Amino acid sequence: MKSVHRFSHRILPITFNFKTMSTTPILTRPVKEAMFRPIIAAPPRRNHSSGSAAQAGWFVGMGDKKNAPPDIVKAGDPVLHEPAQEVQADEIGSERIQKIIDDMVKVMRNAPGVGLAAPQIGIPLRIIVLEDTIEYMRYTTKEEIKAQDRQPFDLLVMINPKLKKKGNQSAFFFEGCLSVDGFRAIVERHLEVEVTGFDRYGQAIKVDASGWQARIFQHECDHLDGTLYVDKMVPRTFRTVKNLDLPLAAGCPKLGVR
Ligand SMILES: [Zn+2]
C-alpha cells in the first residue's frame with residue numbers, strides 16, 4: 001500500500017492512492033535483458049538510437065544543447081560524498097529551486113532512472129525526485145516484480161525528506177545508481193518506510209512506502225547524506241550489469257525479504 005497524504009495548512013489530509021490498476025501485461029524480456037534489470041539506475045534508453053551511443057549520452061537526438069539538462073555527476077565528485085543542505089521554506093517557491101526540480105525530473109527521465117537526488121546534478125540541496133512506470137518494469141520478470149513488491153507510481157518530488165523505518169523486515173535486492181554507471185550490488189534496505197517532507201509547492205507531504213518504492217526512497221535519501229549504495233552494499237555481490245545473473249559467491253545473502 002502506497003499513499004501520499006497532502007496537508008493543506010496541516011489540516012484535512014487528503015489521501016492519494018498510488019496503486020495503479022493497470023492491466024498492461026509485462027512484456028517478454030528483451031534479448032539483452034541482463035543489461036537492463038533491477039535498477040535504481042537506468043533501464044535502457046529506447047528512443048532516437050540504439051546501442052552504446054544511446055546509453056552513453058543522453059544528448060543524443062536532443063538537438064538544442066542550450067536547453068539540455070545538466071550532466072549526471074559521477075562517483076568521486078565531492079558533492080556525492082558530503083551531506084546536502086536543507087532548502088529554506090521561503091525558498092521553495094523561488095525560480096531557482098523550481099528550475100532545479102524541473103532539471104532533476106528531465107535528467108531522471110532522460111537517463112532514464114526511477115529516482116534522482118539533487119547532488120547527482122551537482123546541487124548540494126535536499127531534494128529528491130522519483131517515479132516508476134509500467135514501461136520501466138517491462139525489463140524485469142513478473143517473478144522479480146512480485147518479489148521486489150514493485151508497482152508503478154506517479155512522479156514524486158520531495159524537499160527536505162525525513163525517512164523513518166517501519167516494521168523490522170529487510171529486503172535484499174540488487175540496485176544500481178546513475179552516478180555509478182554499469183554496476184550493481186545487493187543492498188539491504190528496510191521493507192517499509194515513512195517519508196515526510198514538502199512537495200514543490202511547499203505543502204507538507206507524507207508517503208508510506210513499501211517494497212521497491214521504499215528502496216528508491218532510501219537510496220535517494222542516502223544521497224542527501226553523502227552516501228552511495230556502494231557504501232552500504234554487500235561487498236562481494238558487486239558486479240558489472242552484464243554479470244548480474246551470474247551466481248552469488250559463497251556466503252552472500254540470498255535475494256528476498258526477511
Ligand atoms: Zn543513486
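**View 1. Here β6 meets β8 in the predicted model.** The two strands run antiparallel, and 2 bridges join them. β8 is a short entry on the map, covering residues 239-240. Want a pair to look for? Arg184 has Arg239 of β8 as its bridge partner.

**View 2. Next up is the link between β6 and β7.** This time 7 bridges do the joining, and the strands again run antiparallel. β7 covers residues 204-210. To find your way, start at Thr196, whose bridge partner in β7 is Lys206. The strands form a hairpin with 5 residues between them. Look for Gly202 in this hairpin: its phi is positive, near 85°.

**View 3. Now for the hairpin of β5 and β6.** How many residues sit between β5 and β6? There are 2. The strands pair in the antiparallel sense over 13 bridges. One place to zoom in is Ser170, which has His190 in β6 as its bridge partner. While you are looking at strands, here is a handy rule: in a regular strand, side chains alternate between the two faces of the sheet.

**View 4. This close-up shows the largest cavity, with a volume of about 40 Å³.** The count of cavities of 30 Å³ or more comes to 1. Which elements each supply at least two residues of the lining? They are α4 (142-148), β5 (153-177), β6 (180-198) and α5 (211-224). Among the lining residues you can spot Phe173, His190, Trp212, Arg215 and Val257. Sorted by class, the lining has 6 nonpolar, 3 polar and 2 charged residues.

**View 5. Meet Gln213, a residue of helix α5.** Is Gln213 buried or exposed? Its relative accessible area is 1%, and anything under 20% counts as buried, so Gln213 is buried. Now find Glu131 as well: it is 82 residues away from Gln213 in sequence, yet their C-alpha atoms are 8.7 Å apart in space.

**View 6. Last, the stretches to treat with care.** Across the protein chain the average pLDDT is 82, and 74% of the residues score at least 70. Over residues 7-38, though, pLDDT stays under 50, and the model has 69 contacts beyond four places in sequence for this stretch. Residues 44-63 also have a pLDDT below 50, with 32 contacts beyond near neighbours in sequence. Where pLDDT is low, the predicted coordinates should not be read in detail.

Note on methods. Residues numbered from 1 in each chain as written. Predicted model: local features only at pLDDT ≥ 70, side-chain atom pairs only at ≥ 80, totals over all residues. Heavy atoms only, no water. 1 Å grid on protein atoms, 1.4 Å probe; cavity = no way out; pocket = protein on both sides within 12 Å on 5 of 7 lines; lining within 4 Å. Points joined across faces, edges and corners; volume = space filled by probe spheres on them. Helix = DSSP H or I, 4+ residues; strand = E, 2+ residues; numbered from the N terminus. Nonpolar A, V, L, I, M, F, W, Y, C, P; charged D, E, K, R; others polar. pLDDT = per-residue confidence, 0-100. Contact = heavy atoms within 4.5 Å. Buried < 20%, exposed > 50% of the residue type's maximum accessible area, 1.4 Å probe, protein only. Pairing = 2+ DSSP bridges.
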